[in-house]
Amino acid sequence: MNTAIELRGLCRDYGERPALAGVDLSLGRGESLLVVGPNGAGKTTLLRILATLLRPSAGEVRVFGAALPGEAWKVRGRIGLLGHEPLLYRDLSGRENLRFHARLHGLRGDGAEARIAELLAAVDMERRADDRVAELSAGMRQRLAVCRCVLHEPELLLLDEPDSNLDAEGRALARELVGPAEGRTRVVVTHDPERLLSEADEVLRLSTGGSAEPSEAASR
Amino acid sequence: MKPEERSAAPPLVQSAVAFRAILGKDLRAELRTLQSLPAMALFAVTTFVIFRFGLDRTQLSGSLAAGVLWATLLFAAILGINRLFVAEREEGGFDAIRLAPIDRSALFAAKATALVVYLVAVELVVVPVFALFFLDSGAALPPLALVLLLADLGLAATGTLISSMAVNSRARDLLAPLVLLPLVVPLSIAATGALEPLLAVGGPGYHRFGSWLAVLGLYDLIFLLVGYATFDFLLED
């Protein structure tokens, strides 16, 4: 099966307010989808449904063939989420946080330590890796969050404004880890589509109220 | 690391790994920040001081001693229960754990175990203080430890369940005790029933002691099973 994500009539309501209203989409493995739209259009809601963190109100969602939410257990561990929050404990160091996440994903021993060291070097965080997360700047936390997101080498990356808080150097380093690559399926939410359009295979435009225009092939 | 190099442990072992990871994370964070333990211990000791002067008694025995000890420990425990899931809620731990390919009951088991560790640590400090303030001798302390351990297990199971629900509410500091206290009435009856003969005048007695221990054990079993069976659903959005 070459389809990574398939959505049919996806709806999600928060009480009376619709966040997503009938989204259809098909994204192949290894492709990148850019999700754009104004605030409140349901971009983050879409990402959280794909991450198995939120249940759809109606419609069909399949990730790598698994129907969500019922078969979510089949795809957890194959997904990396980089959201608004870094998902790091403030009272632990960056390295301790990454060790914790590594163990949750079944990575252990020397292999896990080597992977953590490799990622910390990739985002230039080796010197501050043993400082408590609470003592780090927002940009440094985002670099660690990028490490956490790709630690277990997920096949599907869900990226919500991945450049948030990053300086030019941080953006370049993060791009190496979460940018387009062979076999890596990506869903990227952004308010800055012009800069990321060249990396996208498909574009999904959401509007306020969660309605979606049919996804279109990006013109690279 | 290639996927085939990852731990291929069966689900049960994987849950044990997740349990140790979450428990280790919680204990490390508590040792580093001391957000719960000192507050729980200080609350309990202060309450004993208030009882000592409020009751104007230097000796307590029987049901009064059991009631003072258990009520103090219960309200001190609520301080820890209120904070049990705060980091998970405020720092994204719930999402991180829900994204991982683990049995979520590992989170319940780890949190309940962390709470038992907190309660035992607090009791190691405050029960001797209670004995110093109110008891003739320390002869009751060894069997008393068994009662408290069984009571701690039940309190941890119930407290973990309630805390995981209350943490999503803005009124969590009010909600947790309001829901928890009615649920621990049977536990409180059994705990004080078992403590009463141990703290009797003239040294520990064992009248109906075994029966009360059995009730405590049954309560623990029921709420540990309820927690195991329902926790996965409580974490859903």
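1. The buried residues of helix H1 of chain A pack against six strands of that chain, namely S1, S2, S3 (32–36), S4 (58–63), S7 (156–160) and S8 (185–189). This is a predicted model, and the packing around H1(A) is a useful place to begin reading it. The helix itself covers residues 43–50 of chain A and is mostly covered, since 7 of its 8 residues are buried. Those buried residues are Lys43(A), Thr45(A), Leu46(A), Leu47(A), Arg48(A), Ile49(A) and Leu50(A), a list in which Lys43(A) and Arg48(A) stand beside residues such as Leu46(A) and Ile49(A). Just after the helix, Thr52(A) takes a positive phi of about 70°.

2. Leu50(A) deserves a point of its own. When residues up to four places away in sequence are left out, Leu50(A) touches Ile5(A), Val63(A), Leu158(A) and Val187(A). Ile5(A), one of these neighbours, has Leu27(A) as its bridge partner in S2(A). Leu50(A) is also among the residues with the most contacts inside the largest nonpolar core, as is Leu158(A).

3. The strands S1 and S2 of chain A can be taken together. Strand S1 (residues 3–14) and strand S2 (residues 17–28) run antiparallel and are joined by 9 bridges. The two form a hairpin with 2 residues between them, and in the turn Gly15(A) has a positive phi of about 70°.

4. How many helices and strands does chain A have as a whole? Chain A has 6 helices and 10 strands, and its C-alpha trace spans about 45 × 35 × 35 Å along the principal axes. With 220 residues, a compact globule would be expected to have a radius of gyration near 17 Å, and the 17 Å of chain A agrees with that. Of these 220 residues, 48% count as buried, and among the contacts of chain A with a separation of 6 or more, 70% are between residues 24 or more positions apart.

5. Chain B is built from helices, with 10 helices and 0 strands. Its C-alpha atoms fill a box of roughly 65 × 35 × 30 Å along the principal axes. The radius of gyration of chain B is 19 Å, which agrees with the value near 18 Å for a compact globule of 237 residues. Buried residues make up 46% of the 237 residues, and residues 24 or more positions apart account for 84% of the contacts in chain B with a separation of 6 or more.

6. Within chain B, Ala157(B) offers a local view of helix packing. Ala157(B) lies in helix H7 (residues 141–166). Is Ala157(B) buried or exposed? Ala157(B) is buried, because 27 other C-beta atoms lie within 10 Å, where 20 or more are enough for a residue to count as buried. Beyond its neighbours up to four places away in sequence, Ala157(B) touches Ala112(B), Asp220(B), Phe223(B), Leu224(B) and Gly227(B). Ala96(B), by contrast, is 61 residues from Ala157(B) in sequence and 22 Å away in space, C-alpha to C-alpha.

7. The largest nonpolar core has 148 residues, and those with the most contacts inside it are Val35(A), Leu50(A) and Leu158(A) together with Val147(B), Ala191(B), Leu195(B) and Leu216(B). The largest share of this core, 15 residues, comes from helix H6 (residues 105–134) of chain B.

8. Where the two chains meet, 29 residues of chain B are in contact with 27 residues of chain A. Helix H1 (11–33) and helix H5 (93–99) of chain B each supply at least two residues of the side that touches chain A, and H1(B) gives the largest share of that side, with 9 residues. By class, the side of chain B that touches chain A has 14 nonpolar, 5 polar and 10 charged residues.

9. Some care is needed with the confidence values. The model scores ipTM 0.88 and pTM 0.90, and for chain B the mean pLDDT is 90, with 94% of its residues at 70 or more. Over residues 1–5 of chain B, however, pLDDT stays under 50, and the model has 7 contacts beyond four places in sequence for them. Over residues 7–12 of chain B pLDDT likewise stays under 50, and the model has 7 contacts beyond four places in sequence for that stretch.

Conventions: Residues are numbered from 1 along each chain as its sequence is written. Chains are lettered from A and ligands numbered from 1 in the order in which they are written. This is a predicted model: local features need pLDDT of at least 70, side-chain atom pairs count only at pLDDT 80 or more; totals for chains, interfaces and linings use all residues. Helices (H or I, at least four residues) and strands (E, at least two) are DSSP runs, numbered from the N terminus. Ala, Val, Leu, Ile, Met, Phe, Trp, Tyr, Cys and Pro count as nonpolar, Asp, Glu, Lys and Arg as charged, and the others, Gly among them, as polar. The radius of gyration is taken over C-alpha atoms; the globule rule is 2.2 Å times the number of residues to the power 0.38. A residue is buried if 20 or more other C-beta atoms lie within 10 Å of its own, exposed if 12 or fewer, and partly exposed in between; C-beta atoms are placed from the backbone. pLDDT is the predictor's confidence in each residue, from 0 to 100. A nonpolar core is a set of buried Ala, Val, Leu, Ile, Met, Phe, Trp, Tyr and Cys residues joined through C-beta atoms within 7 Å. Two strands pair if DSSP finds at least two bridges between them.
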